[in-house]
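Trainee: I should like to go through the assignments in this model and ask what each of them rests on.
Mentor: Please put the questions one at a time.

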Amino acid sequence: QVQLVESGGGLVQAGGSLRLSCAASGRTTVMAWFLQAPGKDRELLAAIRWSGGTTTYADSVKGRFTISRDNSKNTVYLQMNSLKPEDTAVYYCAADIRNWFMGFPKNPNQYTYWGQGTQVTVSA
């Protein structure tokens, strides 16, 4: 079983930056970041494969957010720049151990392991 521990959330003004971290207790094949805004379903923001480093991004964050990984620490990061009030949400780290070859699943139910969530609030 893999445990995911998130950190890095907080309150920031519009235009500012934050970096989220997600440390995994074991090896996985895919890790991802989801957001869940109030009253909304969880939405895939970014994902990365440990082997090869292939990434994907939601259109809403392309050019602003960057997902990266540190193999030695089993940790993934989400660098968030040019933050907007509409980015306000709880951000969840997710992971799986299955091999997916055709893109990344967008349905959160397809990910096995989840972090506890971290709140990001962007003020106007």
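Trainee: What makes C22 and C93 a disulfide?
Mentor: Their sulfur atoms are 2.0 Å apart, and a disulfide is defined as a pair of cysteine sulfur atoms within 2.5 Å, so the pair qualifies. The search of the whole structure finds one disulfide. Please note that this is a predicted model, in which local features need pLDDT of at least 70 and side-chain atom pairs count only at pLDDT 80 or more, while totals for chains, interfaces and linings use all residues. Residues are numbered from 1 along each chain as its sequence is written, and side-chain values use heavy atoms, with hydrogens and water left out.

Trainee: Which handedness does the link of C22 and C93 have?
Mentor: The link is left-handed, with -85 degrees about the S-S bond. C22 belongs to strand β3 (residues 18-24) and C93 to strand β9, 71 residues apart, and the pair links distant parts of the chain. Strands here are DSSP runs of E with at least two residues, numbered from the N terminus.

Trainee: Why is C22 called buried?
Mentor: Buried means under 20% relative accessible area, exposed over 50%, and partly exposed in between, with a 1.4 Å probe and protein chains only. C22 has a relative accessible area of 0%, so the residue is buried. C93, also with 0%, is buried as well.

Trainee: How do you know that D96 and R98 form a salt bridge?
Mentor: The definition asks for a side-chain nitrogen of Lys or Arg within 4 Å of a carboxyl oxygen of Asp or Glu. In the pair of D96 and R98, the closest N and O atoms are 2.8 Å apart, so the criterion is met. D96 is buried at 0% relative accessibility, whereas R98, at 41%, is partly exposed.

Trainee: How many salt bridges does the search of the whole structure find?
Mentor: It finds three. One of them joins the side chains of D59 and K62, at 3.1 Å from N to O; D59 has 65% relative accessibility and therefore counts as exposed. Another joins D87 and R64, at 2.8 Å. D87 lies in the loop between β8 (75-80) and β9 (89-96), and R64 in the loop between β6 (55-57) and β7 (65-70), so this pair ties together parts that are 23 residues apart in sequence. Both D87 and R64 are buried.

Trainee: What makes β1 and β3 a strand pair?
Mentor: Two strands pair if DSSP finds at least two bridges between them. Four bridges join β1 to β3, which run antiparallel, so the requirement is satisfied. C22 in β3 is the bridge partner of E6.
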